[in-house]
Number of protein chains: 2
Amino acid sequence: MANTAKFDRQKVMDKVTRLFWQKGFHSTSTRDLQQATNLRPGSIYAAFGSKSGLFEEVLDFYAQNRNELLERCMAGEEVRLGGLRAFFHLILLEEDPDAPNELCLLAKAISELDESEEALLKKTRALLAAHGARFRHYIEEATATGELPESTDSILLAQQLQVQLIGLRTFLRATDNRSAVEQMIEQLFNPVVKSVASGKIH
Amino acid sequence: MANTAKFDRQKVMDKVTRLFWQKGFHSTSTRDLQQATNLRPGSIYAAFGSKSGLFEEVLDFYAQNRNELLERCMAGEEVRLGGLRAFFHLILLEEDPDAPNELCLLAKAISELDESEEALLKKTRALLAAHGARFRHYIEEATATGELPESTDSILLAQQLQVQLIGLRTFLRATDNRSAVEQMIEQLFNPVVKSVASGKIH
DNA sequence: TTAAATTTTGAGCAACCGCTCAATTGGAGG
DNA sequence: CCTCCAATTGAGCGGTTGCTCAAAATTTAA
């Protein structure tokens, strides 16, 4: 070994993830990345190969961060549904005010990526599926402890949670209506009596 | 008047909307638009002013199309909730197989547009709000006819439908899991007994 | 101190971007 | 028919894009 990288890879990943999260994959230019990281193009290309390669690493970086956040929420709550609720509340209503974007970076990627960027699209789909699997795991814990009935379809319920989370984040970006989102989280995790009384379809 | 446009504006709008719907605003180049419409740049700029101006018109065009689709679904069903259900089924599961994208064009725009494209973002938000207002209208009809309890919060319920629709479409693009989407539509519009038995949270 | 290996630098390439405009075309009014 | 004027054409401008690479700088092993 004759020489080692001088930049802090973790810090670079953080900066770059924030940029992509804010502006999306296509609208973030390599000049933007150079400026944010204070690296010359050659250094970036030596370390990450291409803009796509860097974004692939960003997707992993983001997903791992989110999974750790979920883990922490579940660790802080005895009741499994309470932990999931805390995660929803955290992501939707208590997010760092200077977070790059209301949306999920993975959902944003799913939205903008084309079939022509196959590798990125595939990785994004896989990471979303993995996150869904985490939901499923905690739902199965909840049925095991009796929080949910034995008959619970954990796969379906996990999918419904993902649909809700992605939908709510998009809704938040579209309307900035935080109190509505709060009500919707409430209904999502509340017993059936209350939710019928306040007007859910079922 | 000395000369009139030779191209069919409706057909151009259709082609262009499909293109933006497929590739998004930023990734659709003016060259793409020229090729799809078989128009020279001057003609496009004379008719629409700019790429942004054209996209603004596309947003209106798409939203009107979707509203007409909803109208038709509601006209074809006596039961209001049945009409809404038919709309969900149509959009999510019976869409033209060569539709440009599983996602809602408006949701895609919300996702990719930045604060720096204020006019487009504002228009997109307004069109989504208008569509939500249509949902609300039909929900109020449903409470008037007794399909839903008097206590129904029509604003909140309309917002929940929008969250579900956007979330489901993103989920569909992420997983291509049509049977799961079918189940989720089922639960969304089914009475409470069934939905508890099959594992909803409430 | 030298030599070998690696990273960093930054000018700049080829392709593409949104868009302009002078020249040309062609239909309607007289 | 000609005149008038809007519509169309297409070369191409100034700027940005993702990325390359020879040269210089830096680090460790000998």
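## A buried helix and two DNA strands

A:Glu112 touches A:Gly24, A:Phe25, A:His26, B:Gly24, B:Ser111 and B:Glu112, leaving aside residues up to four places away in sequence (two residues are in contact if their C-beta atoms, placed from the backbone, lie within 7 Å). What you're looking at is a predicted model, where local features need pLDDT of at least 70, side-chain atom pairs count only at pLDDT 80 or more, and totals for chains, interfaces and linings use all residues. Residues are numbered from 1 along each chain as its sequence is written, while chains are lettered from A and ligands numbered from 1 in the order in which they are written.

**Chain A at a glance**

- Chain A has ten helices and zero strands (helices are DSSP runs of H or I with at least four residues, strands are runs of E with at least two, and both are numbered from the N terminus).
- The C-alpha trace of chain A spans about 65 × 40 × 35 Å along its principal axes.
- Chain A has 202 residues, and 37% of them count as buried (20 or more other C-beta atoms within 10 Å of the residue's own means buried, 12 or fewer means exposed, and in between is partly exposed, with C-beta atoms placed from the backbone).
- Take the contacts in chain A with a separation of 6 or more: 59% of them come from residues 24 or more positions apart.

**How far to trust it**

- Mean pLDDT for chain A is 94, and 94% of its residues reach 70 or more (pLDDT is the predictor's confidence in each residue, from 0 to 100).
- The stretch to treat separately is residues 192-200 of chain A, where pLDDT stays under 50 and the model has 17 contacts beyond four places in sequence.

**Helix H6 and the core**

- Helix H6 of chain A (residues 105-112) has eight of its eight residues buried, so it is largely enclosed by the rest of the structure.
- Covering the buried residues of H6(A) are, among others, helices H1 (9-23), H4 (51-75), H7 (118-144) and H8 (154-175) of chain A, together with H6 (105-112) and H8 (154-175) of chain B.
- A:Glu112 sits in this helix, H6 of chain A, and A:Glu112 counts as buried because 24 other C-beta atoms lie within 10 Å.
- A:His26, one of the residues that A:Glu112 touches, is 86 residues from A:Glu112 in sequence but 8.0 Å away in space, C-alpha to C-alpha.
- Another H6(A) residue, A:Leu106, is buried and touches A:Leu59, A:Ala63, A:Thr124, A:Leu127 and A:Leu128, again not counting residues up to four places away in sequence.
- The largest nonpolar core holds 101 residues, and A:Leu59, A:Leu106, A:Leu168, B:Leu59, B:Leu106 and B:Leu168 touch the most other members (a nonpolar core is a set of buried Ala, Val, Leu, Ile, Met, Phe, Trp, Tyr and Cys residues joined through C-beta atoms within 7 Å).

**A:Met184 in helix H9**

- A:Met184 lies in helix H9 (residues 178-189) of chain A, and A:Met184 counts as buried because it has 21 C-beta neighbours inside 10 Å.
- Not counting residues up to four places away in sequence, A:Met184 touches A:Leu168 in its own chain and B:Gln159, B:Gln160 and B:Val163 across in chain B.
- A:Met184 and A:Glu112 are 72 residues apart in sequence and 27 Å apart in space, C-alpha to C-alpha.

**Around the DNA**

- Strand C has 24 residues around it, with A:Ala2, A:Gly42, B:Ser29, B:Gly42 and B:Lys51 coming nearest (near means a C-beta atom, placed from the backbone, within 6 Å of the molecule or strand).
- H3(A) gives the most to the surface near DNA strand C, with four residues.
- By class, the residues near strand C are eleven nonpolar, nine polar and four charged (Ala, Val, Leu, Ile, Met, Phe, Trp, Tyr, Cys and Pro count as nonpolar, Asp, Glu, Lys and Arg as charged, and the others, Gly among them, as polar).
- Strand D also has 24 residues around it, and A:Ser29, A:Gly42, A:Lys51, B:Ala2 and B:Gly42 come nearest.
- For strand D, H3(B) gives the most, with four residues, and the surface splits into ten nonpolar, ten polar and four charged residues.

**What UniProt says**

- An unreviewed UniProt entry puts a "DNA-binding region" at residues 29-48 of chain A (UniProt positions are given in the numbering used here, feature names are shortened, and annotations may be inferred rather than shown by experiment).
- In the model, residues 29-48 of chain A are 80% helix and 0% strand, with end C-alpha atoms 15 Å apart.
- The UniProt annotation "domain: HTH tetR-type", also from an unreviewed entry, covers residues 6-66 of chain A.
- Residues 6-66 of chain A come out as 77% helix and 0% strand, and their end C-alpha atoms are 28 Å apart.
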